[in-house]
Amino acid sequence: MRNQEIARIFYEIADFLEMEGVQFKPYAYEKAAITLETLKKDVAEIYKEGGKKALEGIPGVGKSIAEKIEEYLKTGKIKYYQDLKRKTPIKMEELTAVEGLGPKRAKVLYQKLGIRNLKDLERAARTHKIASLFGFDVKTEKNILEGIAFLKRSKGRFLLGEILPVVKEVYEKLKNLKEVKRVDPAGSVRRMKETIGDVDFLVITQPGGEEKIMDFFTSLPGIIKIWGKGTTKASVRMKEGFDMDIRVVPARSYGSALQYFTGSKEHNIATRKIAMDKGLKLSEYGLFRGPKMIVGKTEEEVYKTLGMQWVPPELRENQGEIEAALEGKLPKLIDYRDIKGDLHCHSKWDGGTNSIEEVVKTAQEMGYEYLGISDHTKFLRIEHGLDEKKLSEQRKEIEKLNSKLKNFKILQGAETNIMADGSIDIKDEALKKLDYVIAGIHSNFKMEKEKMTERIIKAMKNPNVDIISHPTGRILKRRDEYQIDFDKILRAAKETKTILEINSFPERLDLNDQNIRRAKEAGVKMIINTDAHHKDQLRYIEFGIAQARRGWVEKEDIINTKPLEKLLKFFK
Ligand code: DGT
Ligand code: CA
Ligand code: CA
């Protein structure tokens, strides 16, 4: 798939254009990038089948952008992009990865201080060259250094959302190979951890199939380096920057190998100790008594022989699951098919890509029973936020669509803004008319802990606010949580019957697994939403459900596992 590469370039073009102060065009490139990122079909394929015209048929792709895609597919380059880069030779992606540093500021830093990359930026900030520039101050300098430190901490890890699509593609290819009897992704991918270091595949082969599998794996498209290739093991680097390992293991050891390579290391140490206490030895080769192998073929029999329940991979972090499994008290986790609808989706009304009708169609294809449209509201002017009047116009469209739908209901919500003082940017009378109200923080992220906590609690006390979106504000690899007293937030959520969101967007996953578990223990209800800005992003729900499972959540804890009528009862 070339889609991701091209999307990345388009995001960068958007940044370069924004830097130049160009109007509208950056937005067009960004939109095309989002579409490409979520497109299930390979653009190269689309082009091969229908040429440039077919490319123009992709939503958000006009004539000029289609030409750029064509050029890239033919030559591997886009001249327009090369020219932009030549004009301002900075590492745009690297610099704008620093929280709070946008393209415009990057340009100023380049022009005034010659800053081209992260290294230059760090040096300039450390030697206090930035604070004295017009439009910057000591605080921005401090923020830049904090942003850089944050990037360094998360370096070398990749978002589950970036990795999983590649893993699924490779998995399908391996599965279809006639030499492959069974294949599974193991490691942190199987545990659905929010970020991934590397990908680990395990395979059982048909007799004599090892060589074929090694050859196939090391010649997958997208490989830029082969670290090693043996008879049963291989390791490669993908163009996206992450590594993939594969191991062929014998069928009789497959269960114990899968258990071992799924990890986590901490979970394994604990299971090995349990084996030892029983006079057994657990390894990737099997569960042994002395030299004799007792079991090893399946994970289930390995856990059973250890006197434990089989542990869902998402729980394997040695965070209490060992004890629970020994007592037969593991939670009955929410299932990947339990969600009945998504209540956080944006539409064309606030500048999203798709019409309400289009998003609804995807929701129906996913087997949902309802969908909530929750566009941004007026404070977010850059996001074309809706005001009271627009909301009531939107209501009419939704009612009209609903009258035509069978066995499906569109709800009207809104993702309103929690202002610095905790008030909401839409009048109460207008909020009352909505089916439900989401409130989230989209500004003033850096507030003192106490003030930030009070700000969110005040929003929860608003009798119209039902859901707090992305409650802690963290952005993976970019921004830490806001300073908040989460226990206090949980108590207030419980008291005010406010629902906390598990936002499924790969960069957010907010609440994260640990906060989800705390919320569950506090008896706070949650909702798993996607925050989709494009219809295909409704599929991100998988990542939110994975986090919920990692947070020990059961079906009962999540309100959008309920049918519509029961769901509505949770709103104030
Ligand atoms: P990652 O790749 O950093 O996201 O995390 P994992 O969990 O996939 O770790 P990785 O790829 O280093 O190893 C895969 C699994 O192999 C790991 O989850 C548990 C097992 N493993 C690796 N090293 C050790 C070890 O030193 N001791 C034990 N008991 N298990 C290990
Ligand atoms: Ca791994
Ligand atoms: Ca590995």
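Buried area is the accessible area (1.4 Å probe) that two parts lose on being put together, summed over both. The legends below describe a predicted model, in which local features need pLDDT of at least 70, side-chain atom pairs count only at pLDDT 80 or more, and totals for chains, interfaces and linings use all residues. Residues are numbered from 1 along each chain as its sequence is written, chains are lettered from A and ligands numbered from 1 in the order in which they are written, and side-chain values use heavy atoms, with hydrogens and water left out.

**View 1. Contact of domain 2 with domain 4.** Domain bounds come from an automatic or database domain assignment, which gives domain 1 (2-154), domain 2 (158-248), domain 3 (253-327) and domain 4 (341-569). The C-alpha centres of domain 2 and domain 4 are 36 Å apart. Each of the two contributes 12 residues to the contact (heavy atoms within 4.5 Å). Between them they bury about 970 Å², 62% of it on carbon and sulfur atoms. On the domain 2 side, Leu159, Met192 and Glu194 lose the most area to domain 4, together 55% of what that side buries.

**View 2. Coordination of the calcium ion (ligand 3).** Asp198 (OD, listed twice), Asp200 (OD) and Asp245 (OD) coordinate the ion at 2.2 to 2.9 Å. Donors are N, O and S atoms within 2.8 Å of the metal (3.2 Å for Na, K and Ca); water is not among the atoms, so sites may look incomplete. Along the chain the donors have the spacing D-x1-D-x44-D. Asp200 lies in strand 4 (residues 198-205) and Asp245 in strand 7 (residues 243-248), so the pair ties together parts that are 45 residues apart in sequence. Helices (H or I, at least four residues) and strands (E, at least two) are DSSP runs, numbered from the N terminus. Both Asp200 and Asp245 are buried; buried means under 20% relative accessible area, exposed over 50%, partly exposed in between (1.4 Å probe, protein chains only). The calcium ion (ligand 2) is 3.8 Å from ligand 3, and Asp198 coordinates both.

**View 3. The two sides of helix 7 (residues 103-113).** Pro103, Ala106 and Leu109 are buried. They cover an arc of only 120° around the axis, which puts them on the same side of helix 7; the arc is that of the directions from the helix axis to the C-beta atoms. Gln111 and Lys112, on the other side, are exposed. The cover over the buried residues includes helix 1 (3-19), helix 6 (92-96) and helix 8 (118-126). Gly114 follows the helix with a positive phi, near 70°.
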